[in-house]
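Colleague: Please take a close look at the ligand site. Which residues are around the ligand?

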Amino acid sequence: MSTSSNVAPNDLSAFWMPFTANRQFKKTPRMFVAAKDMHYTTSDGRQVLDGTAGLWCCNAGHARPKIVEAIANQAAELDYAPAFQMGHPKAFELANRLVDITPAGLDHVLFTNSGSESVETALKLALAYQKVKGEGSRTRLIGRERAYHGVNFGGISVGGIVTNRKMFGTLLAGVDHMPHTHNLAKNAFSKGPPEYGTELADELERIVTLHDASTIAAVIVEPVAGSTGVLIPPMGYLKRLREITKKHGILLIFDEVITGYGRLGTPFGADYFGVTPDMIVTAKGLTNGVIPMGAVMVSAEIHDAFMQGPEHMIEFFHGYTYSGNPVASAAALATLDTYREEGLLTRGAELAKTWEDALHSMKGLPHVIDVRNIGLVGAIELEPIPGSPTKRAFSAFLKAYEAGLLVRTTGDIIALSPPLIISESQIGEIVSILSGILKTLE
Ligand SMILES: Cc1ncc(COP(=O)(O)O)c(C=O)c1O
């Protein structure tokens with residue numbers, strides 16, 4: 001039997017890795033063994049500049065002392081408290097702190113352990129809300145093509161990535177999708193939100209006409225789709241979605257698992273676009289990625305609708321063993337402290353112009369068919385190798401790793417989302433490494 005002490009470091013077969021080309025990885029493993037601030041250390045002792053904040057989550061960089069200390073202290077003081085019918089102070093403190101930084105009107109918080117669970121929580125809450133309000137016929141959920149809302153059944157149903165859906169049966173019934181907004185023919189090399197495509201929001205009107213508003217509970221969108229390659233909404237698009245959802249009594253859910261906690265240079269994407277949804281779904285940057293935790297912020301209107309009936313009755317039959325876990329709560333509080341002390345929730349705005357100029361300097365390099373950016377997110381889209389989609393970008397990923405830079409690829413898109421503590425010279429380093437690699441790609 002293997003134990004943690006006798007597994008040979010090169011015995012890689014037991015761990016079936018997530019969203020990974022397992023056989024390719026296990027032939028030529030890429031292992032991180034340490035991290036500090038903007039850098040990872042590899043098992044062969046190299047420093048790798050983190051161009052992706054881990055998986056879009058380590059917004060304050062790595063091994064930040066306050067967070068490390070908070071986790072250690074909390075584990076020693078109160079390691080776990082039952083999440084149902086019992087409480088502990090830090091979860092309440094954290095909810096209050098989150099309400100303070102979310103747009104006005106989103107006054108209540110449910111805790112989860114991941115982005116996927118936050119999505120399921122929001123979708124279930126939307127359906128239950130319509131029911132408690134006496135509109136139980138509103139059972140449809142509307143997502144969007146090329147959306148990523150995690151990997152659970154609700155999330156893949158409203159999501160729009162065929163590879164994540166096609167193996168898993170019929171998914172949730174009663175889901176429809178709006179078109180995505182990515183249009184290279186009209187919008188390639190846009191800086192910030194592109195000009196063309198606002199009217200794509202009106203596709204929601206078409207869906208409402210098809211199904212009738214009385215059957216639709218909620219619409220869920222990422223303000224900026226991250227995982228499918230940094231798809232930035234056309235100017236005015238999200239405002240238009242808000243108008244249409246309001247007009248028809250449909251809830252609007254923003255999935256801010258990536259855009260939350262400063263990624264766009266504002267605390268949330270809702271702030272960047274000046275649009276307040278009925279719920280904001282978050283995870284990742286909530287704890288700086290260090291401990292799994294998610295949070296769903298909801299409007300007072302939704303919350304209050306449930307607060308009826310006998311007081312000894314549970315109002316919403318949903319929750320997780322680890323909802324508001326003490327160690328995760330302590331990590332999140334220390335993360336929010338770090339963000340506040342270092343101004344990280346708005347630092348992306350200060351760096352946005354430098355970031356934009358640096359990324360767009362790659363226009364004109366071989367295979368580059370688009371460069372796009374918003375806040376501290378960016379993407380370089382490459383022309384696919386004919387007959388071998390994804391290969392060119394994957395090869396860029398491998399070469400970047402060898403050259404000391406971590407990037408992320410989706411299809412033939414290279415996505416960048418560095419920790420918000422990045423320096424201007426490190427932005428230069430990212431672009432210089434990537435430019436060199438783009439010139440050598442097949
Ligand atoms: C927008 C969005 N929603 C949900 C998720 C799922 O989060 P998790 O992997 O924590 O379940 C992600 C992850 O990248 C995401 O980008």
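Modeller: Here is the site, followed by a helix pair and a loop residue.

This is a predicted model, in which local features need pLDDT of at least 70, side-chain atom pairs count only at pLDDT 80 or more, and totals for chains, interfaces and linings use all residues. Residues are numbered from 1 along each chain as its sequence is written, and side-chain values use heavy atoms, with hydrogens and water left out.

The ligand is surrounded by Ser114, Gly115, Ser116, Tyr148, His149, Gly150, Glu222, Ser227, Asp255, Val257, Ile258 and Lys284. Each has a heavy atom within 4 Å of the ligand. By class, three are nonpolar, six polar and three charged. Here Ala, Val, Leu, Ile, Met, Phe, Trp, Tyr, Cys and Pro count as nonpolar, Asp, Glu, Lys and Arg as charged, and the others, Gly among them, as polar.

Now the polar contacts (pairs of N or O atoms within 3.5 Å; within protein, one must be able to donate a hydrogen and the other to accept it, and residues adjacent in sequence count only if both atoms are side-chain atoms). A side-chain N or O atom of Ser116 sits 2.6 Å from a ligand oxygen. For Ser227, the distance to a ligand oxygen is 3.3 Å. Asp255 places a polar side-chain atom 2.7 Å from a ligand nitrogen. The protein buries 83% of the 390 Å² that the ligand exposes when taken alone; these accessible areas come from the Shrake-Rupley method with a 1.4 Å probe, and for residues only the protein chains shown count as cover.

Next, the helix pair. Helices are DSSP runs (H or I, at least four residues), numbered from the N terminus, as are strands (E, at least two). H4 (residues 89-101) packs against H13 (residues 326-342) at about 35°, with axes 9 Å apart. Axes are lines fitted to C-alpha atoms, for helices over the stretch in contact, and angles run from 0 to 180 degrees between N-to-C directions.

Last, the loop residue. Gln308 is in the loop between H12 (300-306) and H13. A polar side-chain atom of Gln308 lies 2.4 Å from the backbone oxygen of Ala305.
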